[in-house]
Amino acid sequence: MTMDGLMVFAVLVLVAAALSGAWLPRWWLALTLAGTAALLGAAFWTLGGGAEWDWRSGFALGGERLHLRLDAISAWFLALVAVVGGAGAVYAREYWPDRERPESAGRGRGWWSTIVLCMGLVLLCANGLHFLMAWEAFALSAYFLITLERERSQTRAAGWLYLAASHAGTLGLFAFFSLLAARTGSWELGPMRDHPELAPLFWVALFGFGVKAGMFPLHIWLPSAHANAPSHVSAIMSGVAIKMGLYGLIRFSGWLPVPAGAGWVVLTLGAVSAVLGGAFALAQNDLKRLLAYCSVENMGVTLIGLGVGLLGAANGDTAWGRVAMAGALLHVWNHGLFKSLLFFGAGSVLHTTGTREMSRMGGLWRTMPWTAGLFAFGSVAISALPPLNGFVSEWLIYLGLFDAAASHAQVAAVIVPATIALGVTGALALAAFAKAAAVVFLGASRTQAAEHAHECGWWMRGPMLGLAAACTFIALGSVAVWPAIQQPLGAWNPAWRGGEAPAPLAMLGAVQAALAALVAGAVVVLWSRARTNGVRRAMTWDCGYAAPTARMQYTGGSFSALAVGWFAWVLQPQRQLRWPRGPFPRRADHVERIPETVLERVIGPVSDVVMVASSWVRQRQQGHLPDYILYLVAGLAAMGALVVFGNM
Amino acid sequence: MTSILEFIARLAVWLLLAPLLPGIINKVKAWVAGRRGPPVLQLYYDLARLWRKGVVLSTLASPGFIAGPAVAWVAVLAAAMLLPLGPLGASLSFRGDVILLIYLLALARFCTAWAALETGSAFEGMGAAREVSYAVLAEAAVITAVLTLSMQSGSLVLSAMLAPSAGTGAVLLAVGLFIVLLAENCRVPFDDPNTHLELTMIHEVMVLDHSGPPFAAVLHGAAMKLLLFSILLVQAVLPVGKLPAAAAAGALVAGVLGVTVGIGFVESLLARAAFRRVPLLLTTAFLLCLFALLVAWKGGAA
């Protein structure tokens, strides 16, 4: 009963927020926060062991009765929607205010509440038809959020690409849900593990949800959309929206039977996404594109966990599958939290410097210490370094991988390469974030704009601090989170219901806490020792060179050049180099660009061919009546030939 | 009470013995070259002096410049405490501790690179870029080596993984891990610890701007890392855990000394490899570990 009330309240309040967004900013903020708080409460109630919420209405939409259901898997994702939805709403107040963006701020607020509501509905719908409707509404509201700054042509292009890719995925989902409805005779969704004939549908779902999840090579829309959207939108897109694709995969691989090869394929795709996402991220020189590719990488890491989970479930519900699946679920939360934090940080930088080019930044820690510190925190967390939360989830996935490899089962053939890939991914992520944090915040300012940057206000700082606090909680209290992880784990595979936390999880939490304390202690000791001995400030010692300038610093491009060279076969960097020539050289420059390989080298040429073919066909349509009669006769003749000769 | 005393004794072993290794290496190098060389305890004198010295900070450096070496030092020390010491075992042991160890070393790497990039110096940027890039290859080799050990022993606890010898693939694993040791500890042929100032440096160039107590932390951390890798290598290859306590302790000490002297010889007899050769060497290390893994895999299946 309370759940009914909570849900009705959340939906009504969010609808009111979406309507009031354009004119009543204060009311909108209060309403959105109230709505997300209600969603969070409902999610925690379910994750805390509360009963599954199942609600059927007599009201029919599209000929189907409304049926909503909140089980642990939905609740797991709903919690993330609520947290990032609330944090982003607060952040937007300062980041995208009316006085700076009179034209789009109101629209942005309205769509923000809409996307939070629609994602919530996607998670709740237990009817295939309504799921598709909510999915489409969610995809469209994301489009309107991405194109808030629609006067920029890049933004429009990014929005268009997103819309096209998203609908290609939706097409797959149409096929998935209608085939499912045709085979079961109903649009109702629920556990149907005893229908082995449904298993092949998994491949259709993998495509449809894979596009949304940004799985390599279906990620083509993701970098430009996340880079060109306003930063709070990038945060919810990267932190939450792409997780909806993952939700779909987890949801339907739990409800429906999966084909035998599912685990192998998901694991392989995950490993490929992780390594290549990491390599692409390292190569980027646009701060937000770097973060976007890093989402591809982290989706890959999560898919590795899901793949091991699927393999474990297929091989007699082994313990290693359970641990890895738990890691994947926890990584969903972790990535949602620290990726939103990083996008908020990037937004704070973008807000004051007006550029996303890392080569125009540098030395920002002096004027923006809060942002710099929080971005560094996020960088350590996302590189999966102890003692923060990214490490906990990757550690769980590693445990699953290592145990699976040691089991000497047949699966080791795919587990071993995936483990090595995960290790390489970790090193690539570390390199990418050392680059991002250092080039933006450390060293000397490369431009005037960077020198005169200013810190963001408390409305932007607050959400970042809140997300960092959530990350810290998971990092140190992972064992307290375990009972919550267990709920979706049991909902996904009933054989894994209950059971203890992997024994060392409590130990790991204690070690992480001790490590954090030791780190803090060591920093204090070293600082105070340096203070007592005396600290003198001097110019950076550049090997005796007396007049170093900011332009002599290592740039982001040079930082990643070495590793980019190793991945040149897939990154295909385009270089334009003009050497300085003659005794009085005039101009010399070096421009390097990393294309989105799949989009520009595969999909681009294919669509060019389609365009040529289409324009050739269009030339045959000149409006001459005799031509059309000829086409008609030719068509009839062909059909007649088919009938006559087909029967022979 | 005894456990606390034991913990302190263990800490003392790591903190006090680590700076001995670079001294031994330098003695070996001097002996091969026919020089007298610096005293074995030279690093201790250096550390004591640096700890009392003042600090010169770059005008560009943030507080992270001093925090970096502190965090890196703690990370290496914590990784060391996870490593079992032959018959003594580890001070802390749990399933998956080996992954924590690898990622603690990664944390140290992140902090060192961070501090290097604080100064805005092209040299240090270069070093940091190389460090994090080559780590991609070194990480692949290390993960493969760990996977080998875990498959061999069927365990994910360091003390159990390191107890038996690496079996048939031991030689492959030994050579692979030795190459990784040289790369991770900035020794010849990857790096030249004799100088900080060459265009082809990797690790050493990252610490150009450190001075005083933070520099002491950097040097001490590097010595601990060398000891850590030596002990890891020796225990991965020798069946230390299967021997009686005294023999195991003897084997461990002899093994670490052997590795140290070996580094000294490598450094005396080899020139630093051409820069473009570095990825090739690391890939070789990875392949060696991979072959060891295949041997362990087939061995376990039989």
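Where in chain A is Ala384(A) found? Ala384(A) sits in the loop between H13 and H14 of chain A, and although this residue is not a glycine, its phi is positive, at about 60°. Helices (H or I, at least four residues) and strands (E, at least two) are DSSP runs, numbered from the N terminus. The model is predicted, so to speak of local features pLDDT of at least 70 is needed, side-chain atom pairs count only at pLDDT 80 or more, and totals for chains, interfaces and linings use all residues. Residues are numbered from 1 along each chain as its sequence is written, chains are lettered from A and ligands numbered from 1 in the order in which they are written, and side-chain values use heavy atoms, with hydrogens and water left out.

The loop that holds Ala384(A) has a further feature of the backbone. The peptide bond from Pro386(A) to Pro387(A) is cis, with omega near 5°, and Pro387(A) likewise belongs to the loop between helix H13 (369-382) and helix H14 (389-406) of chain A. Another cis peptide bond links Phe216(A) to Pro217(A), where omega is about 0°. Pro217(A) is placed in the loop between helix H7 (201-213) and helix H8 (222-228) of chain A.

Chain A as a whole contains 23 helices and 5 strands. Its C-alpha trace spans about 95 × 70 × 60 Å along the principal axes. The radius of gyration of chain A is 26 Å, which agrees with the value near 26 Å for a compact globule of 648 residues; this radius is taken over C-alpha atoms, and the globule rule is 2.2 Å times the number of residues to the power 0.38.

Two of the strands of chain A make a hairpin. Strand E1 (residues 53-61) and strand E2 (residues 64-70) of chain A run antiparallel and are joined by 6 bridges, where pairing requires that DSSP finds at least two bridges between two strands. Ala60(A) is positioned opposite Arg65(A) in E2(A). The hairpin leaves 2 residues between E1(A) and E2(A), and Gly62(A) in the turn has a positive phi of about 65°. As a reminder for viewing such pairs, side chains in a regular strand alternate between the two faces of the sheet.

Salt bridges (a side-chain nitrogen of Lys or Arg within 4 Å of a carboxyl oxygen of Asp or Glu) number 21 over all chains. One of them brings together the side chains of Arg101(A) and Glu149(A), at 3.4 Å from N to O. Arg101(A) lies in the loop between helix H3 (72-95) and helix H4 (105-124) of chain A, and Glu149(A) in the loop between helix H5 (128-146) and helix H6 (153-184) of chain A, so this pair ties together parts that are 48 residues apart in sequence.

Turning to the partner chain, chain B has 11 helices and 1 strand, in the order α-α-α-β-α-α-α-α-α-α-α-α from the N terminus on. Its radius of gyration is 19 Å, close to the 19 Å that the globule rule gives for 302 residues, so chain B is as compact as a globular protein of that length. The C-alpha atoms of chain B fill a box of roughly 60 × 50 × 40 Å along the principal axes.

The two chains meet through 76 residues from chain B and 70 residues from chain A, with contact meaning heavy atoms within 4.5 Å. Between them they bury about 6,600 Å², of which 77% is on carbon and sulfur atoms; buried area is the accessible area (1.4 Å probe) that two parts lose on being put together, summed over both. Within chain B, the most area is lost to chain A by Tyr103(B), Phe110(B) and Trp114(B), together 11% of what that side buries.

The count between the chains is 1 salt bridge, in which the side chains of Asp403(A) and Arg95(B) meet at 2.6 Å, N to O. Strands also cross the interface: strand E3 (residues 535-538) of chain A pairs with E1(B) in the parallel sense over 4 bridges. In this pairing, Arg537(A) stands opposite Leu57(B) in E1(B).
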